Amino acid sequence: MSIPLPPPQPANQSNFNRHHLNPLPPSVFTLPQTAQLEALYTIIRDKETKRGDFLFYSDRIIRLLVEEGLNHLPVVKRTVETPTGATYDGVGFEGKICGVSILRAGEAMEAGLREVCRSVRIGKILIQRDEETALPKLFYSKFPQDIATRYVLLLDPMLATGGSAMKAVEVLIEHGVPEERIIFVNLIASPEGLTTFCTRYPSLKVVTGWIDQGLNDKAYIIPGLGDFGERR
């Protein structure tokens, strides 16, 4: 006698039950929590995954994240003529964009942005812990001269405490970028880091692939995937 199985639970619902940030802040957007996405994350979390596979599958996720980030850019109506002579009423992006990677791990996300945005301008920012104050400190930054007029995709794969990301946003605002023109793109976030980050900067948007359980006593994301930069 066969036993009827319960109806399958949607992937996004099961994931949200797993982490400790429910409901999400209104400025946070996650990728659709499909079985395929969970399989990709399972591969890159596995400590036995070889570097080549880690690169390949993390790059797949990064491209999905960049595409989702672009979905949150404003558009304007645009009419074009097709090769058939007909007109098509569509849309185009409202303004120019650029990427800014938080060094060093954020550099790994630049290729995914270039794959979907031809000739995109990319800036860099290096933030490290100040040994005297134990606070995030700016050590280096290089941005396009007109960054204040662009929409910025801020790139960093891991959001733990949120200290580096918040410092990066602070620097961007100091360079004239409005908070609401910044989209933070991220592979894995902790609930604690997301809450702190979104409380301080409620007007910017966050696009993340996965929200993990939390931080351990060393402020490492759990279950996480280890040091993203080292594994690449």
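**Exercise 1. How many disulfides does the count come to in this predicted model?**

*Solution.* Start with the cut-off: a disulfide needs two cysteine sulfur atoms within 2.5 Å. Now try cysteine 98: the nearest cysteine sulfur belongs to cysteine 117 and sits 11 Å away. Turn it around, and cysteine 117 has the sulfur of cysteine 98 as its nearest, again at 11 Å. Neither cysteine 98 nor cysteine 117 is in a disulfide, and the count comes to zero.

While you're there, check burial, which means under 20% relative accessible area. Cysteine 98 comes out at 0%, so it is buried. Cysteine 117, at 11%, is buried too.

**Exercise 2. Which residues of helix 6 are buried, and where do they fall around its axis?**

*Solution.* Walk along residues 191-200 and pick out Pro191, Gly193, Leu194, Phe197 and Cys198. Next, look down the axis of helix 6: these buried residues fall within an arc of 160°, so they line one face of the helix. Finally, see what that buried set packs against: the list takes in helix 5 (163-174) and several strands, including strand 1 (28-30), strand 9 (182-189) and strand 10 (205-211).

**Exercise 3. How do helix 5 and helix 6 lie relative to each other?**

*Solution.* For two packed helices, you want the angle and the distance between the axes. Here the axes of helix 5 and helix 6 come within 10 Å and cross at roughly 20°. Angles under 35 degrees count as roughly parallel, so that is what helix 5 and helix 6 are. As for handedness, helix 5 passes helix 6 in a right-handed crossing. Now zoom in on the contact: Ala165, Met166, Val169 and Glu170 of helix 5 meet Thr196, Phe197 and Arg200 of helix 6.

Notes
Residues numbered from 1 in each chain as written. Predicted model: local features only at pLDDT ≥ 70, side-chain atom pairs only at ≥ 80, totals over all residues. Heavy atoms only, no water. Buried < 20%, exposed > 50% of the residue type's maximum accessible area, 1.4 Å probe, protein only. Helix = DSSP H or I, 4+ residues; strand = E, 2+ residues; numbered from the N terminus. Arc of directions from axis to C-beta. Contact = heavy atoms within 4.5 Å. Axes fitted to C-alpha atoms, helices over the stretch in contact; angles between N-to-C directions. Parallel < 35°, antiparallel > 145°, perpendicular 65-115°, else oblique. Left-handed = near helix turned anticlockwise from the far one by under 90°.
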